[in-house]
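Hi everyone, thanks for making the time today. I'd like to walk you through a structure that may be new to you, so please have a look at it with me.

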Amino acid sequence: MSQSLTIPTSLLGFDYNIELESWSNSLHAFKIFDGKPKEVLDGGIGLGFNLITQFSEGQNWLKGIPQPLLAATTAFPEHQYQMLWLAANTDQAAQLLLTRPLLLVLICEKYPVDNNAALKMSQLGQRDILKSLGYDGSKSALKFIDKLTLTFERDLELQHVKKQLDSRFCGYKVFNHYSSVNYVALSLDHRYSFLTGTKLGRAIACEKGLTRVSLLSCLADTLMLGVELGVNDPASRVGQLSSLNELNLLHQEWIDRRNDIRRQELRPMDADTPYPCMLLGNEQIVAIKNYDELFNEGVNQRHCIAIYHSRIVAGEYCVFMMEQPQRVTIGLKIHNRQTISIELDQIAGLRNALPTDETRKVVYRWFESAKRNLISD
């Protein structure tokens with residue numbers, strides 16, 4: 001298959017189109033201008049081949065490229081053409097693409113507009129390639145590369161790898177005892193390097209279905225709590241943990257300690273005053289009876305219901321909690337104590353989440369029944 005392919009890059013704002021020769025013609029590329037001689041394109045084209053699969057000519061052209069080599073480049077669209085050009089022009093680069101494609105990526109990062117320099121570099125031994133690019137060229141560095149289980153869908157993945165391989169630091173050595181290194185392990189090392197190699201660090205890296213944002217939030221909050229509580233070296237304390245469950249337990253323990261301190265600091269003068277009983281609860285819905293219960297409700301549900309204490313003591317508000325079918329806090333306004341004018345003010349779930357339709361129906365039924373009983377009394 002010897003036909004060339006023209007990519008209409010002028011439609012993307014360039015002042016030229018790109019002509020690509022076939023694999024059998026070494027994938028040479030040219031810039032095609034209107035009314036001017038074509039110029040050799042020396043380097044990458046900065047576009048992935050997914051662009052040319054949108055029309056039949058492009059699909060047919062791609063069939064001329066050995067499919068294993070094409071597949072090995074799809075994760076790196078910015079360098080895809082240049083990587084394949086190197087593979088088409090030297091057997092060493094083709095072998096690299098099949099065994100350690102990351103080395104070709106690093107070469108293309110260094111020489112994105114100089115195919116000859118990139119070609120010369122790709123013909124070196126693998127350790128020499130790393131050394132020439134400023135990375136550690138040891139056997140351990142190559143073993144680290146082989147451990148990587150990355151998709152390279154994020155730019156940060158490649159940046160993390162380059163940082164680990166930097167010959168000035170050889171940071172990758174902290175992963176010597178890892179059987180594999182994924183994105184979670186690399187990003188955790190970037191943010192909390194003291195966890196790399198620990199039981200907790202490995203547990204986090206191996207956890208399936210882990211939400212990275214919630215994990216980092218939990219770690220950051222735990223360390224902040226440790227500092228706030230005056231714990232000696234909270235990072236070391238966290239680093240001694242063995243599992244995510246232990247991290248969650250420590251996080252909750254420090255939250256409880258912090259809240260106990262705040263409860264004493266913020267405790268109002270009339271905190272021991274019992275709350276008026278304005279409506280009767282039932283087996284599902286229970287009245288909050290005092291300030292400590294109100295404070296704990298706010299802590300457990302992650303909202304600010306405790307600010308209603310003064311209004312509750314004054315008989316202007318009352319609060320209930322419900323466990324099923326959804327854990328919610330129920331707030332009622334009392335407009336006039338003489339006429340007992342009561343209004344349902346809020347049904348708040350965890351972190352003020354909205355109640356489900358089922359929850360609303362249960363609360364409304366209880367509220368109407370409780371009001372009728374109050375009126376009949």
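I'll talk about the strands, then the salt bridges, and then a patch of charge on the surface. Please keep in mind that what you see is a predicted model.

Let's begin with the strands near the start of the numbering. Here 4 strands make up an open sheet, ordered 1-2-3-4, with antiparallel pairing. Which strands sit at the edges? They are strand 1 (5–7) and strand 4 (39–40), and each of them pairs on one side only. If you find strand 3, residues 29–32, you can see how strand 4 is held: the two pair in the antiparallel sense over 2 bridges. Within that pairing, lysine 31 stands opposite glutamate 39 in strand 4.

Now please move along to strand 6, which covers residues 317–322. How much of strand 6 is buried? The strand is mostly covered, with 5 of its 6 residues buried. Strand 6 has a partner in strand 5, residues 285–287, to which it is joined by 3 bridges, running antiparallel. In that pair, alanine 287 stands opposite phenylalanine 320 of strand 6. Strand 6 also runs antiparallel to strand 7, and there 6 bridges join the two. Strands 6 and 7 form a hairpin, with 5 residues between them. You can spot methionine 322 standing opposite valine 328 in strand 7.

That hairpin takes us straight to the salt bridges. In general, side chains of opposite charge can pair when their charged atoms come close. In this model the count comes to 12 salt bridges, and I've picked a few to show you.

One of them is between arginine 327 and glutamate 297, whose closest N and O atoms are 2.7 Å apart. What does this pair tie together? Arginine 327 lies in the loop between strand 6 and strand 7, while glutamate 297 belongs to helix 15 (residues 291–301), so the salt bridge links parts that are 30 residues apart in sequence. Is glutamate 297 buried or exposed? Its relative accessibility is 2%, so glutamate 297 counts as buried.

For another example, look at glutamate 368 and lysine 371, whose side chains meet in a salt bridge at 3.7 Å, N to O. Both are in helix 17 (residues 357–376), and because they are 3 residues apart, about one helical turn separates them. Glutamate 368 is partly exposed at 38% relative accessibility, and lysine 371 is partly exposed too, at 23%.

There is also a network here: salt bridges with shared partners join Arg267, Asp272 and Asp292. Within that group, arginine 267 and aspartate 272 form a salt bridge with their closest N and O atoms 2.8 Å apart. Arginine 267 is partly exposed, with a relative accessible area of 25%, whereas aspartate 272 counts as exposed at 66%.

My last stop is the surface. Which residues gather in a patch of positive charge there? They are Arg127, Lys131, Lys139 and Lys143. Helix 7 (126–132) and helix 8 (139–147) are the elements that give two or more residues to this patch. Lysine 143 has its place in helix 8. With a relative accessible area of 57%, lysine 143 is over the 50% cut-off, so it is exposed.

That's my tour; thank you for listening, and I'm happy to scroll back to any of it.

Definitions and conventions: Residues numbered from 1 in each chain as written. Predicted model: local features only at pLDDT ≥ 70, side-chain atom pairs only at ≥ 80, totals over all residues. Heavy atoms only, no water. Patch = residues over 30% accessible without salt bridge, like charges linked within 9 Å, V, L, I, M, F, W, Y side chains within 5 Å. Areas by Shrake-Rupley, 256 points an atom, 1.4 Å probe, with all protein chains shown as cover. Salt bridge = Lys/Arg side-chain N within 4 Å of Asp/Glu carboxyl O. Lys, Arg positive; Asp, Glu negative; His and termini not counted. Charge placed at Lys NZ, Arg CZ, Asp CG, Glu CD. Buried < 20%, exposed > 50% of the residue type's maximum accessible area, 1.4 Å probe, protein only. Pairing = 2+ DSSP bridges.
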